[in-house]
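Visitor: I'd like to get better at reading a structure, one feature at a time. Please give me the general idea first, then the case in front of us.

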Amino acid sequence: MNARILVVDDDTALSEMIGIVLRTEGFDPVFCADGNEALAAFQSTRPDLVLLDLMLPGKSGIEVCAEIRNESGVPIIMLTAKSDTTDVVRGLESGADDYVVKPFNPKELVARIRTRLRPTPVGSTDVLRVGDLTLDVAGHEVLRGEKKINLTPLEFELLLALASRPQQVFTREMLLEQVWGYHYKADTRLVNVHVQRLRAKIEDDPDNPKIVMTVRGVGYRAGATG
Amino acid sequence: MPEDRTPTLRMPAWRGYPARALHFWRANLQFRTVAITVALSGLAVAVLGSYMSVSIGSNLFDSRLNQVLAESSRATNQAQDFFDSDLATADPSRTDLEFLSNTVLANIRATSTSPGGLGVAIYRSPGQQTAVTMQPSQSRGFPGEVISQELQDAVMDNTGPDRVWWQSVELSDGRPAIVVGSLLTVPNAGFYELYFVYDLGDAQETLSFVQQTLLLGGLALVLLIGAVTYIVVRLVVGPVRVAAEVSQKLAAGQLEHRIPERGEDVIATLARSFNGMADSLQEQITKLGELSRLQQRFVADVSHELRTPLTTIRLAGDVLYDQRDTFPPATGRTAELLHTQVQRFEILLADLLEVSRYDAGAVELEIEPTNLVRLVEDAVDSMRLVANEHGSDIRVVAAGGYFEVELDARRIRRILHNLLGNAIEHGEGKPIVVFVDSNEDAVAFAVRDHGIGIDTDDLTRVFDRFWRADPSRKRTIGGTGLGLAISLEDASLHRGYLEVWSEPGNGTCFRLTLPRDLKRSIRVSPIDLPPAEPTDDLEVDDA
């Protein structure tokens with residue numbers, strides 16, 4: 001079955017054009033042009049991925065992003081006209097997995113979508129332990145004791161990348177390549193924001209992390225198994 | 001590369017005192033004014049007081065001396081008359097003479113009116129042989145020791161218009177005194193010296209009292225002048241100090257601060273004009289800030305409004321471009337042209353937006369620790385293909401810069417790409433060398449080509465917007481004409497410098513120097529402009 005992609009953008013010409021590109025690439029696009037209707041469209045179409053414009057009539061893209069994130073971990077890619085304003089960070093903080101700056105070319109867009117839709121690489125082990133957490137790799141689940149912690153697929157992948165090689169210190173560039181699929185220098189804020197979001201979910205005290213540790217000046221590594 | 005640590009000399013604390021005192025002196029107008037006023041008025045009072053003291057002292061002495069001399073003279077005459085009249089007839093005998101001298105002394109003491117008379121004495125002048133001698137006699141308590149040989153000689157000599165001689169002496173207890181001496185001729189008994197001693201202690205006391213009064217009065221006057229100066233200076237300096245503080249706050253951007261306006265005097269006028277100036281400054285700045293905000297809003301809006309249709313065009317162009325082989329040749333070429341020109345338009349738009357962001361002051365650095373050598377090598381690697389197409393070989397010579405520095409990697413990479421692009425474009429296929437080095441407080445890279453170079457006249461214009469070295473030249477790498485202008489802005493945002501050297505026919509070199517961290521300033525760039533040509537030794541990294 002083709003992956004269904006919800007395109008939330010008020011510019012109908014652009015939506016249509018994106019639709020043409022996506023169809024050419026074998027996706028199944030559905031459209032929504034209003035921020036207020038975005039959540040309803042999301043609930044009725046159950047897409048595999050959301051392309052979300054930040055500037056929308058009605059609710060802003062950031063609000064929509066937070067609403068969708070509230071009920072689903074489905075990958076969200078922001079479409080933004082601004083590359084270096086705080087909007088990108090706000091979008092990421094409200095739960096978007098990645099962003100594409102307008103004007104983008106079709107290959108770039110498709111590459112970003114494919115990275116987010118690819119299945120998690122299955123390692124040799126089914127169960128990993130990091131800190132006091134248990135990662136069920138096949139089941140895409142994170143457990144603290146008996147309690148399940150809800151992570152988005154991206155957050156799970158980020159944690160999995162760190163946990164699968166606990167001795168390794170990952171630079172932000174390595175994580176960008178492994179988790180986001182960037183093979184060139186990209187925005188390291190992606191990593192910073194998502195590490196913060198991940199810590200907020202899995203750490204007992206996010207200000208004093210024990211699972212995703214910062215290595216100053218280098219990057220991150222997994223905490224000791226406890 | 002270990003950082004050189006210059007040994008710092010530790011100075012003892014007191015070595016700083018003169019400097020600190022000097023600083024206090026120079027920094028404190030109030031203290032300085034009061035100190036100078038007190039010193040000068042103190043000097044004036046001291047001179048005046050000394051003059052008055054000396055003049056009163058000599059006046060007191062002179063009047064006492066005249067009085068004493070007149071009295072001594074009268075007493076001498078009286079004694080001489082007494083001797084003359086009594087001894088002219090009588091047959092002199094020893095008893096008579098003793099009696100006479102005692103009578104004379106008693107008479108003198110009885111008639112003496114001047115205060116401080118300590119006593120009278122009659123001495124026989126030495127070295128004479130007479131028929132009879134009168135025993136020397138003196139009143140009780142006469143301080144004989146104060147009569148000097150000098151005075152005795154003068155008295156014995158008895159020449160000159162005066163009949164009396166005097167000398168200023170000091171008594172055994174330190175009080176000043178006058179000794180007056182005269183010569184008496186006693187018939188048959190020869191010459192006798194008559195001495196009077198007058199104590200000037202009372203005059204000295206008067207003088208001391210006057211001096212003390214003068215000293216106290218002078219001190220009080222100086223203190224009073226000091227206090228008055230302090231108050232006056234405070235009245236004047238106080239508002240000036242307030243004005244200075246307020247203008248500092250204004251300069252620091254606290255635009256709402258004003259000087260309190262009180263009264264109608266010149267200080268109040270100063271305060272009013274200052275506040276007027278501050279009002280108009282605040283108004284202007286607010287207006288400019290508003291304009292800048294509008295500009296930023298405009299830039300953001302244009303950015304969004306232009307980019308959305310451009311994205312659609314781009315997507316459409318790319319879809320067509322991907323299928324250009326299926327079109328008739330003319331349509332296929334059209335799709336190609338559309339594709340490349342949309343790309344060019346996109347780059348131009350991005351550059352324009354970047355420039356307008358700089359103009360609006362809406363740019364912030366995203367600082368991260370970066371290894372400059374690695375950044376340069378990455379950038380060079382990404383440009384190597386383009387360079388090879390133009391026949392240029394790029395080499396990196398990195399003598400330093402291996403430690404991480406705080407910088408916005410995206411902007412520095414953009415500068416380097418731009419410089420490399422220019423070097424490849426104008427390098428005429430000759431080798432290009434990228435130098436990287438660092439020193440104590442700066443890091444730098446320089447891009448050196450060996451192409452046509454730039455005329456001296458044009459050299460000042462290379463950073464101008466949309467300026468091109470040779471408008472007729474074919475553009476191969478694109479470029480919007482804004483690259484160097486943006487690079488210059490990026491460099492100054494890092495508080496660094498982007499400089500250019502060029503020699504027609506010999507090539508061009510752009511050098512970027514950045515401070516190691518933004519708080520430090522650059523003293524000297526680690527790389528010379530132009531850098532020395534590398535010799536083919538081990539330092540050359542031919543990666």
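Visitor: Let's start with strands. Which strand of chain A does strand β10 pair with, and over how many bridges?

Guide: Two strands pair if DSSP finds at least two bridges between them. In chain A, strand β10 (residues 170–171) and strand β12 (residues 219–222) do so in the antiparallel sense, over 2 bridges. Phe170(A) has Tyr220(A) as its bridge partner in β12(A). A strand is a DSSP run of E of at least two residues, a helix is a run of H or I of at least four, and both are numbered from the N terminus.

Guide: Some ground rules, too: this is a predicted model, where local features need pLDDT of at least 70, side-chain atom pairs count only at pLDDT 80 or more, and totals for chains, interfaces and linings use all residues. Residues are numbered from 1 along each chain as its sequence is written, while chains are lettered from A and ligands numbered from 1 in the order in which they are written.

Visitor: And β11(A), how many bridges join it to β12(A)?

Guide: Strand β11 (residues 212–215) of chain A is joined to β12(A) by 4 bridges, and the two run antiparallel. Look for Val212(A) standing opposite Ala222(A). The hairpin of these strands has 3 residues between them, and Gly217(A) takes a positive phi near 80° there.

Visitor: What about a parallel pair? Which strand does β1(A) pair with in that sense?

Guide: That's strand β2 (residues 28–32) of chain A, over 5 bridges. Ile5(A) stands opposite Pro29(A) in β2(A).

Visitor: Is β1(A) mostly covered or mostly open?

Guide: Count neighbours: a residue is buried if 20 or more other C-beta atoms, placed from the backbone, lie within 10 Å of its own, exposed if 12 or fewer, and partly exposed in between. Strand β1 (residues 4–8) of chain A is mostly covered, with 4 of its 5 residues buried. Taking the whole of chain A, 42% of its 226 residues are buried.

Visitor: Now helices. How do I describe two that pack?

Guide: You give the angle between their axes and the distance between the axes. The axes are lines fitted to C-alpha atoms, for helices over the stretch in contact, and angles run from 0 to 180 degrees between N-to-C directions. Helix α6 (residues 153–164) and helix α7 (residues 172–180) of chain A pack at about 125°, with axes 10 Å apart. That makes α6(A) oblique to α7(A); under 35 degrees counts as roughly parallel, over 145 as roughly antiparallel, 65 to 115 as roughly perpendicular, and the rest as oblique.

Visitor: Is the crossing of α6(A) and α7(A) left-handed or right-handed?

Guide: Right-handed. The near helix is turned clockwise from the far one by less than a right angle, whereas anticlockwise would be left-handed.

Visitor: Which residues of α6(A) and α7(A) meet?

Guide: Leu154(A), Glu157(A), Leu158(A) and Ala161(A) in α6(A) meet Leu175(A), Gln178(A) and Val179(A) in α7(A). A contact means C-beta atoms, placed from the backbone, within 7 Å. By class, the residues divide into 5 nonpolar, 1 polar and 1 charged. Ala, Val, Leu, Ile, Met, Phe, Trp, Tyr, Cys and Pro count as nonpolar, Asp, Glu, Lys and Arg as charged, and the others, Gly among them, as polar.

Visitor: At roughly what angle do the axes of α4(A) and α8(A) cross?

Guide: Helix α4 (residues 86–93) and helix α8 (residues 189–202) of chain A cross at roughly 35°, their axes coming within 9 Å. Val88(A), Val89(A), Leu92(A) and Glu93(A) of α4(A) make the contact with Arg189(A), Leu190(A) and Val193(A) of α8(A). That contact has 5 nonpolar, no polar and 2 charged residues.

Visitor: Over to chain B. In what order do the 5 strands of its open sheet come?

Guide: The order is β2-β1-β5-β4-β3, with antiparallel pairing. β2 (137–138) and β3 (164–170) of chain B are at the edges with a single partner strand each, so one side of each is left without a neighbour in the sheet. Helix α4 (residues 149–157) of chain B packs on the sheet, touching β3, β4 (176–186) and β5 (190–199) of chain B, and its direction makes about 30° with that of β4(B).

Visitor: Finally, how many residues of chain B are in contact with chain A?

Guide: 16 residues of chain B touch 16 residues of chain A. Helix α6 (residues 266–322) of chain B gives the largest share of chain B's side, 13 residues. That side divides into 6 nonpolar, 5 polar and 5 charged residues.

Key
Two residues are in contact if their C-beta atoms, placed from the backbone, lie within 7 Å.
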